[in-house]
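Thanks for coming. I have a few minutes, so I will take cysteines, one strand and some salt bridges, in that order. Please have the structure open.

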Amino acid sequence: MKAILLFAPLATALATAPAAAGWKKHPVVSAGHTNTAVASDYNGDGRMDVISSSAGKVSLHLAPDWREIVLHRFPKLGATCIHSETWDIDGDGDPDWAGSEPWGKPFWLENPGDGSGAWAARIIDHDIKGIHCLLKADVDKDGKYEVIINNFEPDGVLGDSIAWFRAPKDLRKADQWERHVFADRDARGGSHYFGFADVDGDGWGDISVAAKGAPFADGNWFAFWTNPGAEGVTKTWRKTLLAENQLAATNILPGDLNGDGKVDFFASRGHSQGILWFEAPDWKLHEIDAEMKSPHSLVLADIDGDGDLDGATCGYESKVVAIYRNDGKGGFTKEVLDADQESYDLRAIDMDGDGDLDLLNAGRASGNVAWYENPAK
């Protein structure tokens, strides 16, 4: 597929609605600078708990009163994870956790299943430097999640590269996970967050990436890499560049935004400003919200339950939490949920078990974790 280079955004009108009615903000914890938070039922009591990282540790907060259990402490005072994921890594029926310090090694924590804090820590990879994102995905179609991790730094064994990692058969004794580099020295410029979906319709999930540039010499692009299928372990993945000169690009999530059956991309420039989308098959760029400052977190999901994909973000500079309701044809209406909240990480998840998607937010420099209750149900 030929790379499509788009240098000037094509503006589309953004409807702005009054502040979203009925959404309720629930505090989880105020523990200092927090870049990432994920949720699952970690102790098997039927409630959604939260794992976040701040103040040199990784902590489990147990619902409903958010009692803290410290799972892991970093050697470096004040270190925090910049991103994380959660799933049943060891296949024993309870959710585990994976993350990393920004400049440390990626590792996973094994849930002991007894509600205690004795979560064993094990390394995923020894060579990655400067991690920014971890994403769980079934890359090889084996029915299990693998984890995709970037090498943010331009040097080292994996400089300017991104790899996916398959869990070893013996998770407790293996020195590290099985590494497969798919973006080999062609992801230069501070690669940030990923998306995963079958873009070309061949049944295999492809990986989308954004890169922010500064302080690196280049970057500021959106792209995706095409999964070669069963030969994905050994065969080169093909890179398609969607757009360059996109100042401080950070997030790119795949999904059919206009209802034509093709996979588009919902994206943000999280270290500058702007929410946008790329329309398949020619990757025409539509500007959704050019004014949103630092939309570093991004969600793409059916938030209002009407059958199409909506967006959500929180700008750490603007301090605005907003949803973008999709009319099903790629037209978006912005609704503000909060005007006093920062974020680096936003997740769509049913926190209260009522069947709709709520928003879980890791508050970055606002020093908190909070979730927003969706009034849709």
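Let me start with disulfides: the count is zero. Keep in mind that this is a predicted model. A disulfide here needs two cysteine sulfur atoms within 2.5 Å. Take Cys81, where the nearest cysteine sulfur belongs to Cys133 and is 13 Å away, so Cys81 is in no disulfide. Cys81 is also buried, with 0% relative accessibility. Now Cys314. Why does Cys314 form no bond? The closest cysteine sulfur, again in Cys133, is 18 Å from its own, and that is too far. Cys314 is buried too, at a relative accessible area of 0%.

Next, the strand. Please find E4, residues 37–40. In a regular strand, side chains alternate between the two faces of the sheet. Are the faces of E4 covered or open? Both are covered: Ala37 and Ala39 are buried on one side, and Val38 and Ser40 are buried on the other. E4 is joined by four bridges to strand E5, residues 49–54, and the two run antiparallel. If you want one contact to look at, Val38 has Ile51 in E5 as its bridge partner.

Last, the salt bridges. How many does the structure hold? There are 20. I will show three pairs.

The first pair is Arg47 and Asp45, whose closest N and O atoms are 3.3 Å apart. Arg47 is partly exposed at 42% relative accessible area, and Asp45 is partly exposed at 34%.

The second pair is Arg179 and Asp127, at 2.6 Å from N to O. This pair links distant parts of the chain, 52 residues apart: Arg179 sits in strand E15, residues 178–183, while Asp127 is in the loop between strands E11 and E12. Arg179 counts as partly exposed, at 26% relative accessibility, and so does Asp127, at 29%.

The third pair is Glu335 and Arg325, at 2.8 Å from N to O. Glu335 is in strand E27, residues 332–338, and Arg325 is in strand E26, residues 321–326, so the bridge ties together parts that are 10 residues apart in sequence. Is Glu335 buried or exposed? Glu335 is buried, because its relative accessible area is 12% and the cut-off for buried is under 20%. Arg325, at 26%, is partly exposed.

One more item before I stop. Asp90, Glu110, Arg122 and Arg172 are joined into one network by salt bridges that share partners. That is all I have.

Terms used
Residues are numbered from 1 along each chain as its sequence is written. This is a predicted model: local features need pLDDT of at least 70, side-chain atom pairs count only at pLDDT 80 or more; totals for chains, interfaces and linings use all residues. Side-chain values use heavy atoms; hydrogens and water are left out. Buried means under 20% relative accessible area, exposed over 50%, partly exposed in between (1.4 Å probe, protein chains only). Two strands pair if DSSP finds at least two bridges between them. A salt bridge is a side-chain nitrogen of Lys or Arg within 4 Å of a carboxyl oxygen of Asp or Glu.
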